[in-house]
Amino acid sequence: MPPAVVALVRTNAALAIHQRIEIITNAPITPTEKVQALLLMLPAEGRENQRRLAHGVMRWADDPSFRAVRPVMLDPSWHPQIHSVFMTGLLKRKNHLRLPMLLELAQAPGHPSRAEARQLLEHFLGIDHGNDWQAWRKSLAAWLQRHPD
């Protein structure tokens, strides 16, 4: 992340959350930098502000910037409300982003979205491979070839 974006986050840290989000989203920076800036703010906030930030992240996360969201989505330590915001955003993505991420979540031990991700995979792929993750990967690859974005 460019130092100017980090500075933008740090210099506005004393403002109310809605003001900080507005400053970031109105700044003349790329969508990826906006997503990165909002994610940078996430750990220091309480749950309600984290929820607001997560909504902001998903509003600005385009396909290229969605890579920045992945580590947060895979981290099981976030509150389930935060995971819910990210899961809702994920489900609005194209298949080539949505389904591989669901597979990663379904494999993540102790993740609060694990069961939901697996149910969604079963729904999309029309099959249940249990814990055979290699079979899931094969089915997912074949499904994506048959259903391009």
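Modeller: Helices (H or I, at least four residues) and strands (E, at least two) are DSSP runs, numbered from the N terminus. This is a predicted model, in which local features need pLDDT of at least 70 and side-chain atom pairs count only at pLDDT 80 or more, while totals for chains, interfaces and linings use all residues. Residues are numbered from 1 along each chain as its sequence is written, and side-chain values use heavy atoms, with hydrogens and water left out.

Biologist: How many helices and strands does the protein have?

Modeller: From the N terminus on, the elements follow the order α-α-α-α-α-α-α-α-α, and the C-alpha atoms fill a box of roughly 50 × 30 × 20 Å along the principal axes. The secondary structure therefore comes to 9 helices and 0 strands.

Biologist: Is M41 buried or exposed?

Modeller: M41 lies in helix α3, and, setting aside residues up to four places away in sequence, M41 has contacts (heavy atoms within 4.5 Å) with V9, I17, R20, I24 and L53. One of these partners, L53, is 12 residues away in sequence, with 7.7 Å between the C-alpha atoms of the pair. Buried means under 20% relative accessible area, exposed over 50% and partly exposed in between, using a 1.4 Å probe and protein chains only. Because its relative accessible area is 4%, M41 counts as buried.

Biologist: Which elements are included in what covers the buried residues of α3?

Modeller: Helix α3 spans residues 31–41, and its buried residues are E33, K34, V35, A37, L38, L39 and M41. The cover over them includes α1 (3–11), α2 (17–26), α4 (47–60), α5 (66–74) and α6 (80–91).

Biologist: Is K92 buried or exposed?

Modeller: K92 is found in the loop between α6 and α7, and its C-alpha atom is 9.7 Å from that of M58, which is 34 residues away in sequence. Because its relative accessibility is 69%, K92 counts as exposed.

Biologist: Which residues have the most contacts inside the largest nonpolar core?

Modeller: In soluble globular proteins, nonpolar side chains tend to be buried together. Here the largest nonpolar core, a set of buried Ala, Val, Leu, Ile, Met, Phe, Trp, Tyr and Cys residues joined through side-chain atoms within 4.5 Å, has 43 residues, of which helix α7 (residues 95–107) supplies the largest share, 7 residues. Beyond its neighbours within four places in sequence, F86 is in contact with residues including L39, L42, A54 and V57. Those with the most contacts inside the core are V69 and F86.

Biologist: Which residue forms a salt bridge with E45?

Modeller: A salt bridge is a side-chain nitrogen of Lys or Arg within 4 Å of a carboxyl oxygen of Asp or Glu, and the whole structure has 6 salt bridges. The pair in question links distant parts of the chain, 25 residues apart, with E45 in the loop between α3 and α4 and its partner in helix α2. Both residues are buried. The closest N and O atoms are 2.8 Å apart, and the partner of E45 is R20.

Biologist: How far apart are the closest N and O atoms of R51 and E48?

Modeller: Being 3 residues apart in helix α4, R51 and E48 are separated by about one helical turn. R51 is partly exposed at 27% relative accessibility, as is E48 at 37%, and both belong with R52 to a network of salt bridges. In the salt bridge between R51 and E48, the closest N and O atoms are apart by 2.4 Å.
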